[in-house]
Amino acid sequence: MYDIAIIGSGIVGLAHALMAARRGLRPVVIERNAAPTGASIRNFGFVTVTGQGENDTWHRALRSRDIWQEVAPMAGIDILQRGLLVTAQRPEAMTVLEAFAKHEMGRDCRLLSPEEVRAHYQGAGNALQGALYSPHDLRVESRTAIPLLVRWLAGNGVDFHFDTAALAVEGCEVITPRGRIRAESVVVCPGDDLTSLYPHIYARHAVTRTQLHMMRLASPGFDIGCPRMSDLSLVRYRGYAERPESAALIDVLRREQPEHLAAGIHLIVTQAADGSLIVGDSHHYDRAPEPFYDAAVEALILDEFRCVLGIEPPPVLERWLGTYASAGEDLMRVSPHECVRLVVVTSGTGASTAFGIAEETLNDLFDTETCHDR
């Protein structure tokens, strides 16, 4: 008998396991695959605070960033990069950054002139109008961080059942091919698996799937300093896009980069310890996305890379398709049963917000207070 059973070993499931262990509870994680292979290890590992949606998502990202900083050293996870540089290629983008800097979410951020950007960072395109630097963000290598977090949690009171599919949840019992697992509470964190458990709830909340084109490029031969974003990010990330000043920018982008907008492209560039670059991404929405990597989409992403960093893209070393659940809100958290919570991040912000979300879920299940509401 466990205190809490968690279905799914992506970052959302692992975050709930961590919060349960911190409370002195006895958690078990049930994962259908032999190891985490889903959305959480396919992304940037970029814990993005700056630009997240105002209020709940931004607060969750701040809280999650703090917990990543606490946990990473204990789990042997290296924090590879800190901060974020959002460069503006158009005057309209710079206006959005100036508006953001005046908002509460822009606290401690700095606006930089083109000369200041070039003085401190290598890789800046000719159209540079300026930039916003934020100190709030950090990055881990997701393909190693998730397994390291599993190993550390397993050594700190969390049981894992891999290769064990959750066939159903009956009350507070999880039915698996290996037998029933009993717990006081159950948290279901299935990522973008929209069919195995509670499919009617996903249908009611209009949840679909998002597919991303991502790649690893060879090292450009210099340190990019911190993760980068560009004009296209300012109309995707709600913290920027919800500023009234973004309306002029979206008009310009519709005229100048319609193909990029149609493919849902915005640029994120992060750098690994060996100097290689993780570059993405695109956004295609479908319950059954095609499994094929589209070279035309890659060309659009690299076109934006060339413009923003002002260099020819280094050779592509790896290509893959990312995936996550998607809906109109950033998070879906419902209670199919009084002791069960279904928790799905529906905005691709799992690495950025999972710890804050898990803290709220545990507070809800055990009737305690949510941290950022104190």
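**Exercise 1. Where is Gln52 found?** Describe its surroundings in this predicted model.

*Solution.* Begin with the secondary structure: Gln52 is found in the loop between S3 and H3. Next, turn to accessibility, where buried means under 20% relative accessible area. Gln52 has 4% relative accessibility, and therefore counts as buried. Then list its partners: leaving aside neighbours within four places in sequence, Gln52 is in contact with Thr57, Trp58, Ala61, Met105, Tyr237, Gly239, Thr349 and Ser352. A further detail concerns Thr48, whose backbone oxygen is reached by the side chain of Gln52 at 2.9 Å. Finally, set sequence beside space: Gln52 and Asp330 are 278 residues apart in sequence, while their C-alpha atoms are 9.7 Å apart.

**Exercise 2. Is Ser352 buried or exposed?** Find its helix and its contacts as well.

*Solution.* First locate the residue: Ser352 belongs to helix H12, which covers residues 350-365. Its relative accessibility is 4%, so Ser352 counts as buried. When residues up to four places away in sequence are not counted, Ser352 touches Phe46, Val47, Thr48, Gln52, Arg60, Ala61 and Ser64. Gln52, the residue of the previous exercise, is thus one of the residues that Ser352 touches.

**Exercise 3. Which strands are joined to S6 by bridges?** Give the number of bridges and one facing pair for each.

*Solution.* Start with S6 itself, which spans residues 130-139; nine of its 10 residues are buried, so the strand is largely enclosed by the rest of the structure. Now take its partners in order of their numbers.

- Strand S3 (residues 46-47) runs antiparallel to S6 and is joined to it by two bridges, with Phe46 opposite Arg139.
- Strand S4 (residues 81-88) is also antiparallel to S6, here with seven bridges, and Leu84 stands opposite Ser134.
- Strand S5 (residues 110-112) is antiparallel to S6 with three bridges, and Leu112 faces Ala131 across the pairing.

**Exercise 4. What caps the N-terminal end of H11?** Follow the helix from its start to the residue after its end.

*Solution.* At the N-terminal end the cap is Asp294, which places a side-chain oxygen 2.9 Å from the backbone nitrogen of Ala296. The helix itself, residues 295-309, has 15 residues and reaches 21 Å from its first C-alpha to its last, close to the 21 Å expected at 1.5 Å a residue. Within H11, the buried residues are Val297, Glu298, Leu300, Ile301, Leu302, Glu304, Phe305, Val308 and Leu309. When reading such a list, it helps to recall that an α-helix has 3.6 residues a turn, so residues three or four places apart point the same way. After the helix comes Gly310, whose phi is positive, near 70 degrees.

**Exercise 5. Which peptide bond is cis, with omega near -5 degrees?** Examine also the positive phi values of Asn55 and Tyr198.

*Solution.* The cis bond is the one from Gly280 to Asp281, and Asp281 has its place in the loop between strand S14 (277-280) and strand S15 (284-285). Turning to phi, Asn55 has a positive value of about 75 degrees although it is not a glycine. Asn55 sits in the loop between S3 and helix H3 (56-75), and because its relative accessibility is 49%, it counts as partly exposed. Tyr198, also a residue other than glycine, has a positive phi near 55 degrees. Its loop lies between strand S10 (179-188) and helix H7 (199-204), and with a relative accessible area of 15% Tyr198 is buried.

**Exercise 6. How many helices and strands does the protein have?** Then consider the overall fold and the confidence of the prediction.

*Solution.* The count gives 12 helices and 17 strands. For the overall dimensions, a compact globule with 374 residues would have a radius of gyration near 21 Å, and the protein agrees, with 21 Å. Along the principal axes, the C-alpha atoms fill a box of roughly 60 × 45 × 40 Å. Buried residues make up 59% of the 374 residues. Of the contacts between residues at least 6 apart in sequence, 75% join residues at least 24 apart. As for confidence, the protein averages a pLDDT of 95, and 98% of the residues score at least 70. One stretch calls for caution: over residues 370-374 pLDDT stays under 50, and for these residues the model has nine contacts beyond four places in sequence.

Definitions and conventions:
Residues are numbered from 1 along each chain as its sequence is written. This is a predicted model: local features need pLDDT of at least 70, side-chain atom pairs count only at pLDDT 80 or more; totals for chains, interfaces and linings use all residues. Side-chain values use heavy atoms; hydrogens and water are left out. Helices (H or I, at least four residues) and strands (E, at least two) are DSSP runs, numbered from the N terminus. The expected span of a helix is 1.5 Å times one less than its number of residues. Buried means under 20% relative accessible area, exposed over 50%, partly exposed in between (1.4 Å probe, protein chains only). A polar contact is a pair of N or O atoms within 3.5 Å; within protein, one must be able to donate a hydrogen and the other to accept it, and residues adjacent in sequence count only if both atoms are side-chain atoms. pLDDT is the predictor's confidence in each residue, from 0 to 100. Contact means heavy atoms within 4.5 Å. Two strands pair if DSSP finds at least two bridges between them. The radius of gyration is taken over C-alpha atoms; the globule rule is 2.2 Å times the number of residues to the power 0.38.
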